[in-house]
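Please open the structure in your viewer and keep the selection panel at hand. The tour below moves from one selection to the next and says what is found at each stop.

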Amino acid sequence: MTVTDFSLPGLATRAIHAGQEPDATTGAVVPPIYQTSTFVQDGVNEFRTGGYEYSRGSNPTRSGFEEQLAAVECGTRAFAFASGMAAEDALLRAVLKPGDHIVLAADVYGGTFRLVDQVLSKWGVTHSFVPSASADDASATVRAGETKVLWLETPSNPLLRIADIAAWAQVADAAGALLVVDNTFASPALQNPLTLGAHAVVHSTTKYIGGHSDVLGGAVVVGNTEWNGQPLSELIGFQQFAGGAVAGPFDSFLAARGLKTLPLRMERHCSNALEIARWLRSREDVVEVFYPGLEEHPGHDLATLTLNGGYGGIISFRPRGGEAAAHTFVKSTRLYNLSVSLGGVESLTCVPHNMTHGSRVGTPHEVPKDLVRLSVGIEDLQDHLADLDQALAAAQREG
Ligand SMILES: *Cc1c(COP(=O)(O)O)cnc(C)c1O
């Protein structure tokens, strides 16, 4: 299936069929898991169908998943890694060299910040933060000739800020830099940054793509961009092979299985989250709700334009009563488990200040102490509301 083809099948069809053809030999409807490290050669460098040699370079289960990923992200090539961070690390090392500069959107994932700030800095790569989600602010942060990557996450974590990907892509193009979008939160079901001008998309497939909280993984997806006179896809493919942080066959299988139901799951994540956000907003014991589906959210109109069919499954809010109420709330939920991570079928809650965003405490990018983040699962809406209701009551009672 060529995904640049305009006769492109619909998203759900691509998610189920791209790279997932029945096994040619046995007819198994689901392609087998090729749990092998190496492949027989019939003579020196005489490979069998597919040219497989050694599983760090390529493996049929991973290749199938990568084809499926490229198809759902409207890219030409995808690369699957052992984690989201491994994918980000490979991408950045494939395109940067000492002296280069990265512009990071305000709310980037804590692990991305850590990688850039504490690892890449040792190799002479510098960075700056954009104070908002605005493309004008991004443009003002670019250093002519030095900035090689702009890194954007939208909707952002945990404040759900919305950025204009197409405007950021123009800033990147004008600077001769690459725009990388971390599309983990929206997932390919709601947003395809490559179609809006981004040059590369990264995912933590651990989240919505895997979707069942049972596998860690990451991906880089690209289109036809060239970088330093070479196809970006070749640079990343080489780094994946040379660095070796690949997704294993079983992890690729689990993530591919999850991806098949992504569009369907995302519908329920979005409809549950919109109802819950409206319900939270209507309550006296909730001070503030962050969800792009609410009309008063500053990014609502942009989100309506750029997100397809929903506003995602993540909500943040501040209960009345401050930090103590937030901590009591997350201890009191029964359906929602207190846990880092997100994007699975089951609901999770966390206090970003102390948990996912602890590395920002004491920096200008610290998140509010009383902020609660919900990863809204796909359970029945009435059970969500009943659980949130009793936990909010506990938070007011006990503080
Ligand atoms: C979880 C996450 C990552 C990192 O992915 P891992 O699979 O945990 O390595 C990167 N970006 C975002 C937005 C994430 O939520």
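Which helix gives the most to the lining of the second largest cavity? The model on the screen is a predicted one, and in it helix 8 holds that place, with 3 residues in the lining.

**First stop: the second largest cavity**

Select Phe65, Phe81, Thr205, Val215, Leu216, Gly217, Gly218, Ala247, Asp251, Ser252 and Ala255, which line the second largest cavity. The space they enclose has a volume of about 40 Å³, and if you colour these lining residues by class you should find 6 nonpolar, 4 polar and 1 charged. While you have helix 8 (249–260) in view, keep it selected for the next stop, since helix 8 and helix 2 (60–72) each supply at least two residues to the lining of the largest pocket.

**Second stop: the largest pocket**

Now add Asp23, Tyr34, Tyr52, Pro60 and Thr61, the residues nearest the centre of the largest pocket, out of the 27 that line it. The volume of this pocket is about 700 Å³, and its lining divides into 12 nonpolar, 9 polar and 6 charged residues.

**Third stop: the second largest pocket**

Move on to the second largest pocket, where about 410 Å³ of space lies. Of the 25 residues that line this pocket, select Met85, Tyr109, Gly111, Ser204 and Lys207, which are the closest to its centre. If you then show the secondary structure, helix 3 and helix 4 (110–119) are the elements that give two or more residues to this lining. By class, the lining of the second largest pocket has 7 nonpolar, 12 polar and 6 charged residues.

**Fourth stop: the ligand**

In which pocket does the ligand sit? It sits in the second largest pocket, so the view needs little change. Select the ligand and the 13 residues that surround it, of which Gly84, Asp182, Ser204, Thr206 and Lys207 are the closest. This shell divides into 3 nonpolar, 6 polar and 4 charged residues, and the element that gives the most to it is helix 3 (residues 84–95), with 3 residues.

Three distances are worth displaying here, one after another.

- Show the backbone of Met85, where an N or O atom lies 2.9 Å from an oxygen atom of the ligand.
- Show the side chain of Asp182, in which an N or O atom is 2.7 Å from a nitrogen atom of the ligand.
- Show the side chain of Lys207, which has a polar atom 2.7 Å from an oxygen atom of the ligand.

With these contacts drawn, you can switch on the surface: the ligand on its own has 380 Å² of accessible area, and the protein covers 93% of that area.

**Fifth stop: the largest cavity**

How many cavities of 30 Å³ or more are there? The count comes to 3, and the largest of the cavities contains about 50 Å³ of space. To see the lining of this largest cavity, select Ala105, Ala106, Asp107, Ser132, Ala133, Leu152, Glu153, Ser156, Arg161 and Ala163. These lining residues comprise 5 nonpolar, 2 polar and 3 charged ones.

**Last stop: the backbone**

Hide the side chains and turn to the loop between strand 4 (147–153) and helix 6 (165–175), where Pro155 lies. The peptide bond that joins Thr154 and Pro155 is cis, with an omega of about -5°. Pro158 also has its place in the loop between strand 4 and helix 6, and the bond that joins Asn157 and Pro158 is again a cis peptide bond, here with an omega of about 5°.

Finally, centre the view on Ser213, which is found in the loop between strand 6 (200–204) and strand 7 (218–222). What is the phi of Ser213? Its phi is near 55°, which is a positive value in a residue other than glycine.

Methods
Residues are numbered from 1 along each chain as its sequence is written. This is a predicted model: local features need pLDDT of at least 70, side-chain atom pairs count only at pLDDT 80 or more; totals for chains, interfaces and linings use all residues. Side-chain values use heavy atoms; hydrogens and water are left out. A residue is near a molecule or strand if one of its heavy atoms lies within 4 Å of it. A polar contact is a pair of N or O atoms within 3.5 Å; within protein, one must be able to donate a hydrogen and the other to accept it, and residues adjacent in sequence count only if both atoms are side-chain atoms. Accessible areas come from the Shrake-Rupley method with a 1.4 Å probe; for residues, only the protein chains shown count as cover. On a 1 Å grid over the protein atoms alone, a cavity is a set of points where a 1.4 Å probe fits but cannot get out, and a pocket is an open set with protein on both sides within 12 Å along at least five of seven lines; lining residues have an atom within 4 Å of a point. A molecule sits in a cavity or pocket if more than half of its atoms lie within 2 Å of its grid points. Helices (H or I, at least four residues) and strands (E, at least two) are DSSP runs, numbered from the N terminus. Ala, Val, Leu, Ile, Met, Phe, Trp, Tyr, Cys and Pro count as nonpolar, Asp, Glu, Lys and Arg as charged, and the others, Gly among them, as polar. Grid points are joined across faces, edges and corners, and a volume is the space filled by probe spheres set on the points.
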